[in-house]
Amino acid sequence: MSKSFQSPSGMHDVFGEQYDYFEKIREVFSRMATTYGFEGIEIPIMENAKVFSRGVGEHTDIIEKEMYAFKTKGGDQVALRPEGTAGIVRAYIEHNLYTKSQPIKFFYFAPFFRYERPQAGRYRQFWQFGLETIGKGGPVVDAQIIAVMYNVLRELGIKDLMIEINSMGESKCREDFEKVLKKYLRKESSSLCADCKRRMKKNPLRVLDCKRCIKVKESAPQIVDHICPKCREDFKKVLEYLEELKIPYDLNSFLVRGLDYYTNTVYEFFAPGEEGRLALGGGGRYDGLAKLLGGEETPATGAAMGVERTVLLMKNDGIKVEKEKPKIFIAQLSDLAKRKCLKLFEEFREAKIPVSESFGQDSLKGQMSKANKMKVDYTLIIGEEEAAEDRVIVRDMESGQQESLSTKEVVKEIKKKLK
Ligand code: AMP
C-alpha cells in the first residue's frame with residue numbers, strides 16, 4: 001500500500017502492546033487515586049493561551065519555545081495544553097469549586113503537547129497521569145501525593161525509585177533568593193553558557209538546573225539556606241512524613257523544576273534506565289497559581305508522571321502486562337452458522353465467560369489456527385449441519401476430544417467444564 005501520510009513528527013499512534021501498557025497504568029493509577037479520595041477530571045486540550053503564559057511563566061522554556069499557540073478563526077489566542085495544572089486551576093476558579101468542601105482532589109490521565117525536538121523518550125504529544133489537591137492542606141498533602149505516585153509506580157513493578165526533593169520557599173522567599181542568586185550569577189557571568197546568560201536576567205533559578213553550568217552551580221548560594229523559618233519547618237515536616245512512610249528521598253538543593261508557579265516543596269522521581277537514570281515525573285506546591293489566574297491565594301499541590309517513560313521503564317525491567325485471555329473461541333462455517341454464532345457470542349459475554357471469534361474469516365483452518373494461537377480451552381464449531389440442527393461441536397483444545405452439544409445447553413456446560 002502506498003503511504004501518503006504519516007502521523008505528525010513527534011506524535012505517535014498508540015496501539016497493540018503499547019496500548020496495553022497504557023491501559024495497565026491507567027487502571028492502576030485511577031484505582032489508587034480513587035482509594036485516596038481523588039476524583040477524575042477531563043478538561044479541554046486547549047485553553048486561552050494566557051492560562052499557561054501567566055501560570056507556567058512567560059520566561060520558561062515551555063512557554064517561550066515549546067507551546068503550540070495559535071489564533072482561532074474567531075480571533076481567540078489559544079494554546080494546546082503543555083501541562084495539566086494550570087487548566088485544572090482555571091476550572092477550579094471557573095466553577096467556584098472553592099465554595100465546596102475543601103480540598104478538591106483531582107486525578108487525570110491525558111495527552112499534552114510541547115513543541116520539542118523529537119528524540120527517544122521525548123515527544124511532541126505525550127501522556128501524563130497526574131494528581132492535584134487544591135484548596136486546603138499543608139505539608140502532609142505534599143507527602144500524600146508523593147506517596148500515591150510512589151505506590152502507583154511500585155504496584156506497576158518499578159523498583160529502585162529515587163525521589164529528589166527541595167524547597168523553593170514561598171513566593172517572598174523565592175523572590176528574595178532570586179536577588180541573592182542574581183548577584184552571584186552576575187559575578188560569574190563570564191563562565192555561564194549562552195542560554196544561562198539570558199536566563200540570569202529573567203529566570204535565574206533555571207540556571208540551577210542547567211546541565212552545562214556545573215562549575216558555576218557548585219559554589220552558588222543554596223535556596224534552602226535562604227528560605228524563612230516557616231518554610232523550613234514545612235519542608236522538614238514533608239521529609240518527616242516521607243520517613244514515616246518509609247519513602248526514600250535525596251535532598252537536591254539545585255532542583256527548581258522549570259515552571260514559575262512552584263513554591264515550597266518540589267520533587268522529581270527517577271529510576272535507573274538503560275542509558276543512565278530516567279526522569280519519570282515530578283511535582284510540587286503551587287499556592288500562588290490561583291492568584292496568577294485571577295483567583296485568590298489558594299493552597300495547592302500536585303504531581304504528574306510521564307506515561308511513555310513509565311512504559312519504557314516497565315519494558316526495560318521486563319514487566320509484562322497480562323490481558324484477560326479468552327477461554328472460548330467460536331468458529332463458524334456458512335451464513336446460517338454465522339447467525340447462530342453471533343447469538344452464541346452474546347450468550348457467553350452475558351455469562352461473563354471471556355470469548356473470542358473471527359467471524360470475518362470463512363476458512364475453518366484459519367479460524368482453528370487463530371484459536372490455537374490464543375491458547376483457548378475450548379473451540380466451539382458450528383458448520384452448516386450443526387446450524388440446521390441447533391447443535392455445536394465442542395473441541396477440547398488440550399486433548400483434541402470433540403463432542404456435540406445442543407446450543408441451548410452449551411453455555412451452561414462450558415461453565416461447568418471451566419470450573
Ligand atoms: P514536566 O511537566 O516537564 O515536569 O514533565 C513531567 C514528566 O512528563 C517528565 O518527567 C516526563 O516523564 C514526561 N514528559 C515531559 N515532557 C515530555 C515529552 N516531551 N515527551 C515525553 N514525556 C515527557
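Student: Which residue has a polar backbone atom 2.8 Å from a nitrogen atom of the ligand?

Tutor: Happy to start there, keeping in mind that this is a predicted model. The partner on the protein side is a polar backbone atom, and it sits 2.8 Å from a ligand nitrogen atom. That is inside the 3.5 Å limit for a polar contact between N or O atoms. The residue is Y123.

Student: How far is the polar side-chain atom of E116 from a nitrogen atom of the ligand?

Tutor: E116 is listed among the closest residues around the ligand, along with R114, Y123, Q128 and R257. Here the side chain of E116 provides the polar atom, and a ligand nitrogen atom is its partner. The distance between them is 2.6 Å.

Student: Which residue has a side-chain N or O atom 2.9 Å from an oxygen atom of the ligand?

Tutor: Good one to look for in the structure! This time the ligand offers an oxygen atom, and the protein offers a side-chain N or O atom at 2.9 Å. The ligand is surrounded by 13 residues. The one you want is Q128.

Student: Are helices α5 and α9 parallel or oblique to each other?

Tutor: Find α5 at residues 139–155 and α9 at residues 229–244; their axes come within 8 Å and cross at roughly 40 degrees. Angles under 35 degrees would count as roughly parallel. The crossing angle therefore makes α5 and α9 oblique.

Student: How many charged residues are in the contact of α5 with α9?

Tutor: From α5 come P139, V140, D142, A143 and I146, and from α9 come D234, K237, V238, Y241 and L242. Sorted by class, the contact has seven nonpolar residues and no polar ones. The charged residues number three.

Student: What is the handedness of the crossing of α1 and α5?

Tutor: Helix α1 spans residues 16–35, and its axis comes within 10 Å of that of α5, crossing at roughly 145 degrees. In this contact, V28, F29, R31 and M32 of α1 meet V148, M149, N151, V152 and E155 of α5. The crossing of α1 and α5 is right-handed.

Student: Which residue is joined to P103 by a cis peptide bond?

Tutor: Look in the loop between α4 (85–94) and β5 (104–113), where P103 lies. The cis bond to P103 has an omega of about 0 degrees. Its partner is Q102.

Student: What is the phi of S334 near?

Tutor: S334 belongs to the loop between β12 (328–332) and α12 (335–350). Its phi is positive, in a residue other than glycine. The value is near 100 degrees.

Technical notes
Residues numbered from 1 in each chain as written. Predicted model: local features only at pLDDT ≥ 70, side-chain atom pairs only at ≥ 80, totals over all residues. Heavy atoms only, no water. Axes fitted to C-alpha atoms, helices over the stretch in contact; angles between N-to-C directions. Helix = DSSP H or I, 4+ residues; strand = E, 2+ residues; numbered from the N terminus. Parallel < 35°, antiparallel > 145°, perpendicular 65-115°, else oblique. Contact = heavy atoms within 4.5 Å. Nonpolar A, V, L, I, M, F, W, Y, C, P; charged D, E, K, R; others polar. Near = heavy atom within 4 Å. Polar contact = N/O pair within 3.5 Å; in protein donor to acceptor, adjacent residues only side chain to side chain. Left-handed = near helix turned anticlockwise from the far one by under 90°.
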